[in-house]
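Me: I would like to go through the internal cavities of this protein with you. Could we take them one at a time?

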Amino acid sequence: MKKIVLFMVALTVAIAAHAQFEQGKTYIGASLSGMNLSYSGSESGHLTIEGKGGYMFADNLLALGQVAYDKQNDVPYTMSLGAGARYYIVQNGLYLGAGVNWKHSTGYNDVMPTVQVGYAFFISGSVTIEPEIYYEQSFKNHKDYSRIGLRVGLGVYL
């Protein structure tokens, strides 16, 4: 009996996760990175707050737009706008992402391609916690402005 109940719960979770990555769904998310969870050659610490919105234009494919505010110790602020996409590899929430961000600060502009790998961990039927590892490549100065790090987000699939 215990095995049957466990099988039914696993089946329900698999079906519920699949339903979130279907064409026509919308996505709203926010994430936090920094807090010494990333590395860049020019900074001693930073905190980034990011807002995201997206639309599933095909099963397992999400188009994203984002805006972010980054506060570094040695720079007053950095604002960024970006666009990208995610591909959900398996129905349990593992995804690959890629995009491009335009970053602006006082006397500084840069276009930065970015890649991510993450996991959408469902805490309810439509709300997720999304840890991801990311890499941003700077074209302006690779050594000082490229960044690798860990980002933790909260997402809602509607």
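Me: Which strands each supply at least two residues of the lining of the largest cavity?
Reply: In this predicted model, the strands are β2 (46-58), β3 (61-72), β4 (78-88), β5 (94-105), β6 (108-119) and β8 (127-136).

Me: And which of them gives the largest share of that lining?
Reply: β4 does, with five residues.

Me: How much space lies in the largest cavity, and which residues are closest to its centre?
Reply: The largest cavity holds about 140 Å³ of space. It is lined by 19 residues, and Leu64, Gln66, Gly99, Thr114 and Gln116 are the closest to its centre.

Me: How does the lining divide into nonpolar, polar and charged residues?
Reply: Eight residues of the lining of the largest cavity are polar, six are charged and five are nonpolar.

Me: Stepping back, how many cavities of 30 Å³ or more are there?
Reply: The count comes to three.

Me: Then on to the second largest: how much space lies in it, and what lines it?
Reply: About 100 Å³ of space lies in the second largest cavity. Its lining has 16 residues, of which Thr48, Ala68, Ser80, Lys103 and Glu136 lie closest to the centre.

Me: Which elements give two or more residues to that lining?
Reply: They are β2, β3, β4, β5, β8 and β9 (147-157). The largest share, four residues, comes from β3.

Me: What about polar and charged residues there?
Reply: The lining of the second largest cavity has six polar and six charged residues, along with four nonpolar ones.

Notes
Residues are numbered from 1 along each chain as its sequence is written. This is a predicted model: local features need pLDDT of at least 70, side-chain atom pairs count only at pLDDT 80 or more; totals for chains, interfaces and linings use all residues. Side-chain values use heavy atoms; hydrogens and water are left out. On a 1 Å grid over the protein atoms alone, a cavity is a set of points where a 1.4 Å probe fits but cannot get out, and a pocket is an open set with protein on both sides within 12 Å along at least five of seven lines; lining residues have an atom within 4 Å of a point. Grid points are joined across faces, edges and corners, and a volume is the space filled by probe spheres set on the points. Ala, Val, Leu, Ile, Met, Phe, Trp, Tyr, Cys and Pro count as nonpolar, Asp, Glu, Lys and Arg as charged, and the others, Gly among them, as polar.
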